[in-house]
Amino acid sequence: MTSLADRFQTAADALAGDGWCVLGPLLPAEATAALAAECMGMHTAHRMTPARVGTGQAAPALRGDHTRWFEMNALSEAQQPFVEAIETLRHALNRSLMLGLAESEAHYAVYPPGARYARHLDQLRGRDARVVSAVYYLNDDWYPEDGGALRLYLDDGRTHDVLPRAGTLALFLSDRFEHEVLPATRERMSIACWMRRREPGALP
Ligand code: OGA
Ligand code: MN
């Protein structure tokens with residue numbers, strides 16, 4: 001079993017090289033299941049909001065997910081180990097790559113069947129504090145025919161599809177890779193997370 005430190009070093013090397021990578025389970029299966037249960041519970045209880053696009057409007061044809069932000073100073077029991085792992089990863093990336101990542105933010109997302117997120121960039125070049133995008137998947141028993149892949153548009157015109165299987169973590173540089181969420185035949189849950197640099201002008 002490779003240690004967390006080794007896996008994070010591999011991630012740092014991949015980000016420094018290709019700018020993206022996909023990691024195996026970030027958390028034990030029970031911890032991922034607890035996140036999935038909380039996410040689905042919030043969705044069922046109508047505690048999630050239709051996601052908005054850059055204009056601040058909901059635009060379901062472009063983006064059909066429902067989201068709920070983690071409250072970083074009031075994390076649930078299920079969220080704590082996830083945020084701890086993401087923060088450990090953030091520190092590892094800072095040590096290896098000196099990216100100056102100051103903080104993380106995260107939200108649950110549920111995509112109903114047929115919902116998509118059209119091709120986009122998480123950061124408009126230079127206009128946003130997001131440096132690294134991390135997406136963690138919460139869906140058991142997901143198969144290619146279920147659809148719902150995250151499609152990454154790579155530098156050389158190729159694409160790479162990531163299935164949203166429980167435990168998978170996709171990492172990529174926010175200002176470099178356009179990506180999209182393909183529609184799925186079933187409900188699709190994820191946690192979208194960004195590691196941010198300090199906003200210009202913010203206090204240290
Ligand atoms: C996003 C996003 C990808 C996914 O929320 O910006 O691209 O696979 N999510 O859920
Ligand atoms: Mn995105």
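In which loop does M98 have its place?

**View 1. M98, in the loop between α3 and β4.** This is a predicted model, and that goes for every close-up here. M98 has its place in the loop that runs between α3, residues 79-97, and β4, residues 101-111. Look at the backbone here: phi of M98 is near 50°, a positive value, and the residue is not a glycine. M98 counts as exposed because its relative accessibility is 72%, and the cut-off for exposed is over 50%.

**View 2. H46, in the loop between α2 and β2.** Here's another residue to check on your Ramachandran plot. H46 isn't a glycine, yet its phi is positive, at about 60°. The loop in question links α2 (29-44) with β2 (49-50). Is H46 buried or exposed? With a relative accessibility of 71%, H46 counts as exposed.

**View 3. The manganese ion (ligand 2) and its protein donors.** Three residues supply the protein donors: H120 and H179, each through NE2, and D122 through OD. These donors lie 2.1 to 2.2 Å from the manganese ion. What spacing do the donors follow along the chain? Read along the sequence, the pattern is H-x1-D-x56-H. So how covered are the donor residues? H120 has a relative accessibility of 13%, so it counts as buried, the limit being under 20%. D122 is buried too, its relative accessible area being 11%.

**View 4. Ligand 1 and its polar partners in the largest pocket.** Ligand 1 sits in the largest pocket, with 14 residues around it. The closest of these are D122, Y137, H179, R188 and S190. If you're listing side-chain N and O atoms against the ligand's oxygens, start with R188, where an N or O atom of the side chain is 2.8 Å from an oxygen atom of ligand 1. D122 brings a polar side-chain atom to 3.2 Å from an oxygen atom of ligand 1, and for H120 the corresponding distance is 3.3 Å. How much of ligand 1 does the protein cover? On its own, ligand 1 has 290 Å² of accessible area, and the protein covers 98% of that. Note that H120 and D122 turn up here as well as among the donors of the manganese ion.

**View 5. The strands that build the shell around ligand 1.** Step back to secondary structure. Four strands each supply at least two residues of the shell: β5 (117-120), β6 (130-137), β10 (179-181) and β11 (188-197). Which strand gives the most to this shell? That's β11, with 4 residues.

**View 6. S133 and D122, side chain to side chain.** Now zoom in on strand β6, where S133 lies. The side chains of S133 and D122 are joined by a polar contact of 2.8 Å. S133 counts as buried, since its relative accessibility is 1%. Its partner D122 is a donor of the manganese ion through OD, and D122 is itself buried at 11% relative accessible area.

**View 7. W20 and F177, 157 residues apart in sequence.** W20 belongs to strand β1, residues 20-23. How many residues separate W20 from F177 in sequence? The separation is 157 residues, while in space their C-alpha atoms are 8.4 Å apart. W20 counts as buried, with a relative accessibility of 17%.

**View 8. P183 and G148, C-alpha to C-alpha.** P183 is found in the loop that connects β10 and β11. From P183 to G148 you'd count 35 residues in sequence, but 4.9 Å between C-alpha atoms in space. P183 has a relative accessibility of 30%, and so counts as partly exposed.

**View 9. E199 and A102, after β11.** The last close-up goes past the strand. E199 lies in the segment after β11. Its C-alpha is 9.1 Å from that of A102, and the two residues are 97 apart in sequence. Is E199 buried, exposed or partly exposed? E199 is partly exposed, with a relative accessible area of 38%.

Terms used. Residues are numbered from 1 along each chain as its sequence is written. Chains are lettered from A and ligands numbered from 1 in the order in which they are written. This is a predicted model: local features need pLDDT of at least 70, side-chain atom pairs count only at pLDDT 80 or more; totals for chains, interfaces and linings use all residues. Side-chain values use heavy atoms; hydrogens and water are left out. Donors are N, O and S atoms within 2.8 Å of the metal (3.2 Å for Na, K and Ca); water is not among the atoms, so sites may look incomplete. Buried means under 20% relative accessible area, exposed over 50%, partly exposed in between (1.4 Å probe, protein chains only). A residue is near a molecule or strand if one of its heavy atoms lies within 4 Å of it. A polar contact is a pair of N or O atoms within 3.5 Å; within protein, one must be able to donate a hydrogen and the other to accept it, and residues adjacent in sequence count only if both atoms are side-chain atoms. Accessible areas come from the Shrake-Rupley method with a 1.4 Å probe; for residues, only the protein chains shown count as cover. On a 1 Å grid over the protein atoms alone, a cavity is a set of points where a 1.4 Å probe fits but cannot get out, and a pocket is an open set with protein on both sides within 12 Å along at least five of seven lines; lining residues have an atom within 4 Å of a point. A molecule sits in a cavity or pocket if more than half of its atoms lie within 2 Å of its grid points.
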